[in-house]
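The following exercises concern burial, helix geometry, cysteines, aromatic pairs and strand pairing. Each task is followed by a worked solution.

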Amino acid sequence: MIHELLLALSGYPGTIFTWNKRTGLQVSQDLPFLHPSETSVLNRLCKLGSDYMRFTEFIEQHTGHVHPQEHHTNQPNQTGLHGIYLRAFCTGLDSMLQPYRQALLDLEQEFLGDPHLTISHVNYKLDQFQLLFPSVMVVVETIKSQKIHGCQILETVYKHSCGGLPPVRMALEKILAVCHGVMYKQLAAWMLHGLLLDQSEEFFVKQGPSAGGAAANQEEEEEDLGLGGLSGKQLRELQDLRLIEEENMLAPSLQQFSLRTEMLPSYIPIRVAEKILFVGESVQMFENHNHSPSRAGSILKHQEDLFAAELHRLKQQPLFSLVDFENMIDRIRSTVAEHLWTLMVEESDLLEQLKIIKDFYLLGRGELYQVFIDLAQQMLKTPPTAVTEHDVNVAFQQAAHKVLLDDDNLLPLLHLTVDYQGKDSKDASGPRDGATPPQDTSPREVPPTGWAALGLTYKVQWPLHILFTPAVLEKYNVVFRYLLSVRRVQSQLQHCWALQMQRKHLKSSQTDAVKWRLRNHMAFLIDNLQYYLQVDVLESQFSQLLQQINSTRDFESIRLAHDHFLSNLLAQSFILLKPV
């Protein structure tokens, strides 16, 4: 019977020890020679056998054969659990069962040597597993019942390993270490080579914009932010930094990646995940767009092998240490950020590009726009038509020649756009309902004048497109339209003053004085507003931006400084304040 017992504990039940799917292993009831106390001891041992059989069944089910990938896509409900993290978990689970199998072998040796040993001896030898198996069973059942997937398995195992029972903790930590092996491999592929190896969507980085935007939008549809009648939705439209794919501005395959936060284990903070995302995206951009590798070199400064070795060392550690992990991520991130800084500031001359943006989007070349306003005044007074855009660009080129701005490299990159109804109607019905156009014109109705539909595009050179994304340029366009309208009003008022001066020697009536006073008040307001915008807002913010760029060697802080600069422009120039 002892041999029957050992076989049953190894997962092979027979006639004495019977297997029932619901109750598990049990001693047969109709054995006359068994005392009730012996039955209870045997049943206690049978619980171990039941757990062992359920573990092995789980392992075979999920590692016995690889599901073909297309099988998932066709019938996702049938396959249930799958993925590489699950297979790693099963591998860890299998190694945890090894000491138990060894104990059964040792017991068999002992019984062959001494036939007089009792069942109590078996009970005593296997007692260490009585605590361990039920606790691990809870983890397996949780994974099965909640269909836990991908990196969430790390979270589940980690939570259960934070207990006070040493054998359980150590066993689960070993399983966790095996599962972390998969994560380190995905990290190495993503951070060192820009490859997202994730067929079953298990990693916490994914391709495409972050989800949750749509759901959140409905809830806060009209929350009022107290910014002078500005709702949260409108503020997001103005401050939204999402990518709008536009063929002419972007190198064709700048794909967007984002975090899949529900997959992120709780012991890895969001800040670390964001660094991982940034590094991977930068490396990816480089792999895709490295036109002249000799000039730019490797973004990781050829330290890939070094970093890969570091990741491998972390993978070998029995316990996951967040401090070591974050230090390692920080080292890779700072290497990438510094390389991007060098590329942007020194090789692509970021400061020169910012100056161009300031000259054209922020009306730094005032004399150019003064001439342009005079030339385009007539053609943009009326609602725009199909030819308006061409005419406006011709006027812009003429204005540039008049003020002696003959930069052959620069002018072809700038192009004025006019959104008239015919051009935009395809957009109106298109998929981009999330990004509503600027408030002053909706594509369904013809803009009242050409001025309202005017925009400026600028072809950004690689690799500056990661800083000046289409969404960022759209924000610049909002400021551009606003500054241009202030400039036009100022110009009209000056023109009005000239007319009044021509007529001042004629006999004036009472009403003329009222008109003069009105014009004077208007001019006072506009001149001061213009001065405030150009000196207090643009110049001061721009000099702060340049100062921050020069004081750091980190691309991320440049991006942050630039975002601050843009947000401050929008806020301080009253664009966000509807009543103003």
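A residue is called buried under 20% relative accessible area, exposed over 50%, and partly exposed in between, with a 1.4 Å probe and protein chains only. The model is predicted: local features need pLDDT of at least 70, side-chain atom pairs count only at pLDDT 80 or more, and totals for chains, interfaces and linings use all residues. Residues are numbered from 1 along each chain as its sequence is written, and side-chain values use heavy atoms, with hydrogens and water left out.

**Exercise 1.** Classify phenylalanine 129 and tyrosine 100 as buried or exposed.

Solution. Phenylalanine 129 has 4% relative accessibility and therefore counts as buried. Tyrosine 100, at 0%, is also buried. For the chain, buried residues make up 45% of the 580 residues.

**Exercise 2.** Compare the expected span of helix H7 with the distance between its end C-alpha atoms.

Solution. Helices (H or I, at least four residues) and strands (E, at least two) are DSSP runs, numbered from the N terminus. The expected span is 1.5 Å times one less than the number of residues. Helix H7 covers residues 128–145, which is 18 residues, so the span should be 26 Å; the end C-alpha atoms are 27 Å apart, which agrees. Just after H7, lysine 147 takes a positive phi of about 50 degrees.

**Exercise 3.** Which helices are included in what covers the buried residues of H7?

Solution. Begin with the residues to be covered: among the buried residues of H7 are Phe129, Leu132, Phe133, Val136 and Ile143. A contact means heavy atoms within 4.5 Å. The cover includes helix H2 (36–63), helix H5 (84–113), helix H6 (119–125), helix H8 (152–161) and helix H9 (166–193).

**Exercise 4.** How many aromatic pairs does the structure hold, and what is the geometry of the pair of tyrosine 100 and phenylalanine 129?

Solution. Rings of Phe, Tyr and Trp (its six-membered ring) pair if their centres lie within 6.5 Å; planes under 30 degrees apart count as stacked, over 60 as edge-to-face and the rest as tilted. The structure holds 15 aromatic pairs. For tyrosine 100 and phenylalanine 129, the ring centres are 5.2 Å apart and the planes stand at 90 degrees, so this pair is edge-to-face. Tyrosine 100 belongs to helix H5 and phenylalanine 129 to helix H7, so the pair ties together parts 29 residues apart in sequence. Both residues belong to one aromatic cluster with Tyr52, Phe55 and Phe133.

**Exercise 5.** What is the number of disulfides, and why is cysteine 179 not bonded to cysteine 90?

Solution. A disulfide is taken as a pair of cysteine sulfur atoms within 2.5 Å. The sulfur of cysteine 179 is 8.9 Å from its closest cysteine sulfur, in cysteine 90, which is too far for a bond. The count under this rule is 0 disulfides. Cysteine 179 is buried at a relative accessible area of 0%, whereas cysteine 496, at 30%, is partly exposed.

**Exercise 6.** In which sense do strands S1 and S2 pair, and over how many bridges?

Solution. Two strands pair if DSSP finds at least two bridges between them. Strand S1 (residues 17–20) and strand S2 (residues 24–27) pair in the antiparallel sense, over 4 bridges. Within this pairing, phenylalanine 17 stands opposite valine 27 in S2. The two strands form a hairpin with 3 residues between them.
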